[in-house]
Amino acid sequence: MSEEPVLPRIRPEIAALPAYRQGRQASADAFKLSSNENPFDPLPGVLEAIQAASGINRYPDATAARLRERLAARHGVSPDDVHVGAGSVSLLAQLLLATSGPGDEVVYAWRSFEAYPSLVAVAGATSVQVPLTAESRHDLPAMAAAITERTRLVIVCSPNNPTGPTVTHDDFAAFVDAVPADVLIVLDEAYAEFVTDPTSVEGDRVRAIIARPNIVVLRTFSKAYGLAGLRVGYAIGHTRVLDAARSTAIPLSVTAAAEEAALASLAVESELLERVGVIAERRDRLVARLREAGWSVPDAQGNFVWLPAGERTLDIAAAFEDAGLVVRPFAGDGVRISIGEEESLDRIVEVAAAHR
Ligand SMILES: Cc1ncc(COP(=O)(O)O)c(C=O)c1O
């Protein structure tokens, strides 16, 4: 009988994390609606920009200076108040490493983006999860009440992945007033471009009106811009806070191709807005049809909708899959469906209506 080999010691909180397994890839004739990706081809000029990017035998510009300058001009800040990373999730990881270690607490709503618990655990800190309201919204007063002297960082996800609603500007402003100045507030706006509710919080407005050094806004090129596969996102915040994040970053992880693709995408804003408009309109139509079919779908402001399927979640996800729709189930809670191709809508409604 062979003996178990002795393995290197792993930090217990890391060993306890579920091992990363990527979701099943969709078969050729299925619609992949499980990762909130963009169904459109890259924006005009993007493929050419990637091809023209400097040779891959060279390291990229470590600070993505050209992209930072462009983003700074766009958002009316200094380039040092912008930090570019390989996806906004990597920027959140850096901010957590910079602020929160063993014994520290990180407060966020739950359910929210599934990466939050593991990123907090990797930093060595403790998650404090505050349940969403009955309308699947952040409960900001409860989140403020959950802050203790151990809290180092609070995440506000608007629109909330996977449930869909935004936080309003006024509620966010009141929340900021209730958070101590030495606690970092991260406003995760991965889906900001899809928001159509004008009362929603929005990073530029927050900076103009609330302007506090303890707020960092995260944005990404993965969703509206359709560059998920290239991995590029950015943070806007106080230079010194972002300097701390930069200190924890894995150097040189934003490739030249990603930087060029982001720059090219920013140059075709009108095409971007047109596509975002198509997705938002498709989303609103889908929400209306699902509600007509009897589902109580929460307000959807991202590029996805939420079916609160509770205990039936896995069965319903399997029914979607049988119909050639790869969706994202969260066992015991609900099913998230990304807004993809127009042709997927009838099938989604059909399956959802049959399982009401
Ligand atoms: C709320 C939220 N934040 C961040 C991300 C990560 O995006 P990125 O591709 O920029 O790392 C996602 C992706 O699904 C998300 O849903």
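**Exercise 1. Describe how the chain is divided and how the two domains meet.**

Step 1. An automatic or database assignment splits the chain into domain 1 (12-42 + 270-354) and domain 2 (44-267). The model is predicted: local features need pLDDT of at least 70 and side-chain atom pairs pLDDT 80 or more, while totals for chains, interfaces and linings use all residues. Residues are numbered from 1 along each chain as its sequence is written, and side-chain values use heavy atoms, without hydrogens and water.

Step 2. About 2400 Å² is buried between domain 1 and domain 2, 61% of it on carbon and sulfur atoms; this is the accessible area (1.4 Å probe) that the two parts lose on being put together, summed over both. On the domain 1 side, Pro42, Leu272 and Gln301 lose the most area to domain 2, together 25% of what that side buries.

Step 3. Three salt bridges are counted between the domains, each a side-chain nitrogen of Lys or Arg within 4 Å of a carboxyl oxygen of Asp or Glu.

**Exercise 2. Is lysine 223 buried or exposed, and what does it touch?**

Step 1. UniProt, in an unreviewed entry, lists Lys223 as "modified residue: N6-(pyridoxal phosphate)lysine"; such annotations may be inferred rather than shown by experiment.

Step 2. Lysine 223 counts as buried because its relative accessibility is 15%, and buried means under 20% relative accessible area (1.4 Å probe, protein chains only).

Step 3. Leaving out residues up to four places away in sequence, lysine 223 touches Ser35, Asn36, Asn38, Ala190, Tyr191 and Phe194 (contact: heavy atoms within 4.5 Å). A polar atom of the lysine 223 side chain lies 3.3 Å from the backbone oxygen of serine 35.

Notes: Buried < 20%, exposed > 50% of the residue type's maximum accessible area, 1.4 Å probe, protein only. Polar contact = N/O pair within 3.5 Å; in protein donor to acceptor, adjacent residues only side chain to side chain.
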